[in-house]
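I opened this entry to look up charged pairs, strand pairing and the nonpolar core. My notes follow in the order I checked things.

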Amino acid sequence: MSDTDIGVEDEDYENDDFRDDYEGDDFDEEGDINTIEVPTARNVLEYLVKSVVENPDDVEVEVVERQGAVTLEVTVAEGDMGRVIGRRGRVANSIRTIVRAAASKDGSPIDVEFVD
């Protein structure tokens, strides 16, 4: 049986410093490379939503990554959700379209969710 067979562990694997292979990439505190940042999309989304609502100080945008997909979750004050969604969801869809275009600058496809 050779070292390449399934079930045989490489003793040096735990000592490998994989960060050298990804020089210039961002790592979080635990060394996780899967953390994706989308600053342009996040800033555009926050600006647009704050422009629409009555209580801009209550707008929160959270970046959530699930299984490689990035979602921007927006929370607004209780009475402002209707303003953000708009009639038949037109405002929300417009915001999503603009933010997705901004996300292309970040190089990451994103989705926008408005959380109650």
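I started with Arg100. The model is predicted, and in it Arg100 has a relative accessibility of 40%, so I logged this residue as partly exposed. I then looked for its charged partner. The side chain of Arg100 meets that of Asp111 in a salt bridge, at 2.9 Å from N to O. This pair links distant parts of the chain: Arg100 sits in helix 3 (residues 90–106) and Asp111 in strand 3, eleven residues apart. Asp111 comes out at 29% relative accessibility, so Asp111 is partly exposed as well.

Next I asked which residues are joined into one network by salt bridges that share partners. They are Arg42, Glu46 and Lys50. Within this network, I looked up Glu46 and Lys50, whose side chains meet at 3.0 Å, N to O. The two are four residues apart in helix 1 (residues 39–52), so about one helical turn separates them. Lys50 is partly exposed, because its relative accessible area is 31%. I also checked Arg42 against Val63. Their C-alpha atoms are 7.8 Å apart in space, with their positions 21 residues apart in sequence. Val63 belongs to strand 1. At 36% relative accessible area, Val63 is partly exposed.

Another charged pair was on my list. Arg83 and Glu54 form a salt bridge through their side chains, at 2.7 Å from N to O. Here too, distant parts of the chain are linked: Arg83 is in helix 2 (residues 81–85), and Glu54 is in the loop between helix 1 and strand 1 (60–66), 29 residues away. I compared each accessibility with the cut-offs. Arg83 has 39%, so Arg83 counts as partly exposed. Glu54 has 54%; exposed means over 50%, so Glu54 counts as exposed. My tally for the model is five salt bridges.

Then I turned to the strands. Strand 2 (residues 69–75) and strand 3 run parallel, and six bridges join them. I picked one of these: Val74 has Phe114 as its bridge partner in strand 3.

Which residues of strand 3 point to the buried face? Along residues 110–115 the side chains alternate. Ile110, Val112 and Phe114 point to one face and are buried. Asp111, Glu113 and Val115 point to the other face and are not buried. Asp111 is the residue I had already logged as the salt-bridge partner of Arg100.

Glu73 in strand 2 needed its own note. Is Glu73 buried or exposed? Its relative accessibility is 15%; the cut-off for buried is under 20%, so this residue counts as buried. I looked for a polar partner and found Arg66: the two side chains make a polar contact at 2.9 Å. Beyond its neighbours within four places in sequence, Glu73 is in contact with Glu60, Val61, Glu62, Val64, Arg66, Glu113 and Val115.

Last, I checked the nonpolar core. The largest one has 20 residues, and Leu45, Val49 and Phe114 touch the most other members. Helix 1, strand 2, helix 2, helix 3 and strand 3 each supply at least two of its residues. Helix 3 gives the largest share, four residues. In soluble globular proteins, nonpolar side chains tend to be buried together. I finished with the contacts of Phe114. Setting aside residues up to four places away in sequence, Phe114 touches Val49, Val74, Met81, Val84, Ala92, Ile95 and Arg96.

Note on methods. Residues numbered from 1 in each chain as written. Predicted model: local features only at pLDDT ≥ 70, side-chain atom pairs only at ≥ 80, totals over all residues. Heavy atoms only, no water. Buried < 20%, exposed > 50% of the residue type's maximum accessible area, 1.4 Å probe, protein only. Pairing = 2+ DSSP bridges. Polar contact = N/O pair within 3.5 Å; in protein donor to acceptor, adjacent residues only side chain to side chain. Contact = heavy atoms within 4.5 Å. Salt bridge = Lys/Arg side-chain N within 4 Å of Asp/Glu carboxyl O. Core = buried A, V, L, I, M, F, W, Y, C linked by side-chain atoms within 4.5 Å.
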